[in-house]
Structures are given as C-alpha cells and as structure tokens.
Amino acid sequence: MNAGNIREKFGHQYKVNNDTYTMGVHHLLSDHIAKRFEGKQNVIDTNTGAGTTAIALAKYAASVTSVDINSEHLAQAEENARIAAVADKITFVHADILSFLERTDRTFDAALLDPDWAAEGEEKTTHVTSLEYMQPHGQRLFELVSTHTENICFRLPKEIEKEALKDLPPHEIEPLMLDGELKFYCAWFGSLMK
C-alpha cells in the first residue's frame, strides 16, 4: 500500500493502516451508497474504520454519528474527516456498537451497518458467509439498529449466503460492482429501498 494506492481507492491521501485500507470501501462505491442517504438529518455509521464511508455520508446527510471500538481506527477517521473538510458534520464515538445501541435512546433517520466480515483467524480478505460470524454479530447488530430506525443499509460480503437474510424484513439486494467485478452487496431497508 503506497500513497498512489490510497489516493486511487479513497479519492484522497487519507490516513489508513493495512486493516483499514483492506476493509475500506472504494470512493466510487462509498459515494454510490451515500447518495441514498441524501436529505437524511441524522445517520449512524457503525464500525467506521478509517471513516471513508462516513465522509461520503456527510456529503449527503445533515449529520453522521460514527462509531468504532478501535481507537486507532477512530483516530484515523477523525483525521480523515478533517482532511475532507466534513469534521463538523460527524460525531465520532469510541464504543462497542452493540453496547452503544443498547444504552442510547437516540433515534436516527437511517443507518449504515458495516460489520467486519473477516473470518476469525484468517486474512481480512477471507470473508464469512453468515451473519452470525461477523464482528459484531450481524443479526444482533441489525436487531439493535432496528430499534432506532427502519431505514438501513446493510453492507454484506459477496460470499454471503442468501439464506442468511431470510429472517430479515422486506429488503432490496443490490450488487455493487467496480470495473466489472462484484465487490459486495448492500441490503436496503425501509425508505432507503428503491
């Protein structure tokens, strides 16, 4: 990973490490996702990593609450929001997202769920196929966020088994492609569905 790779993937010379670079979403796909949040007042971004998707959300939504348990990732996200000149629109929270959702009484207009897909003990590029093996537990994350908003985007690995989604409310599945290659899926719920 060099400066050219970072700029090509994220659109700016953001601060990242190997994990946040690998897990980060290409800026064209982040922008595509964020456009569906246009006009939303307050959006929650779970598991923010280096904050590149939170930055895209801040361009379309009035405010973003961005949560991550990893303090190093959160420091990168805060610096990257300053670089992108959207730091005033993002509130960064250092917390376990499940605990945060359990204790907050806030409601949100919409949510972006982006749990870690890496298979335990494997490289970050080896992904799980079920919600239960995500970190945090994907089904539990969805249930908790659903108590705060019904308008949800759930980013899912291309390896996900469609059976894993059968118990979720009605949704739209969108494959996201880049240069002709499937990168991941987004499951859209509530008013975010087309």
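**Exercise 1. Which residues do ring pairs link into a cluster?**

Solution. This is a predicted model, in which local features need pLDDT of at least 70 and side-chain atom pairs count only at pLDDT 80 or more, while totals for chains, interfaces and linings use all residues. Residues are numbered from 1 along each chain as its sequence is written, and side-chain values use heavy atoms, with hydrogens and water left out.

Step 1. Rings of Phe, Tyr and Trp (its six-membered ring) pair if their centres lie within 6.5 Å; planes under 30 degrees apart count as stacked, over 60 as edge-to-face and the rest as tilted. Searching the whole structure gives four aromatic pairs.

Step 2. One of them is stacked: the ring centres of F142 and F154 are 6.2 Å apart and the planes meet at 10 degrees. F142 belongs to helix α7 (residues 138-146) and F154 to strand β5 (residues 152-157), so the pair links distant parts of the chain, twelve residues apart. Helices (H or I, at least four residues) and strands (E, at least two) are DSSP runs, numbered from the N terminus.

Step 3. F142 and F154 are buried; buried means under 20% relative accessible area, exposed over 50%, partly exposed in between (1.4 Å probe, protein chains only).

Step 4. F142 also pairs with F189, with centres 4.7 Å apart and planes at 55 degrees, so this pair is tilted. F189 lies in the segment after β7 (181-188), and the pair therefore ties together parts 47 residues apart in sequence. F189 is buried, as is F142.

Result: the cluster consists of F142, F154 and F189.

**Exercise 2. Find the rings that have a charged end over them.**

Solution. A charge sits over a ring if NZ of Lys or CZ of Arg is within 6 Å of the ring centre and within 35 degrees of the ring normal.

Step 1. R36 places its charged end over the ring of W188, 4.1 Å from the centre.

Step 2. For R155 the ring is that of F184, and the distance to its centre is 4.4 Å.

**Exercise 3. Why is the sulfur of C153 not bonded to that of C186?**

Solution. Step 1. A disulfide is a covalent bond between the sulfur atoms of two cysteines. The criterion is a pair of cysteine sulfur atoms within 2.5 Å.

Step 2. The closest cysteine sulfur to that of C153 is in C186, at 3.7 Å, which is too far for a bond.

Step 3. C153 is buried, at 0% relative accessible area, and C186 is buried with a value of 0%.

Result: the structure has zero disulfides.

**Exercise 4. Describe the fold and its packing.**

Solution. Step 1. There are seven helices and seven strands, in the order α-α-α-β-α-β-α-β-α-β-α-β-β-β from the N terminus.

Step 2. The radius of gyration (taken over C-alpha atoms) is 15 Å, close to the 16 Å from the globule rule for 194 residues, so the protein is as compact as a globular protein of that length. The rule is 2.2 Å times the number of residues to the power 0.38.

Step 3. The C-alpha trace spans about 40 × 35 × 30 Å along its principal axes, and 52% of the 194 residues count as buried.

Step 4. Contact means heavy atoms within 4.5 Å. Of the contacts with a separation of 6 or more, 62% involve residues 24 or more positions apart.
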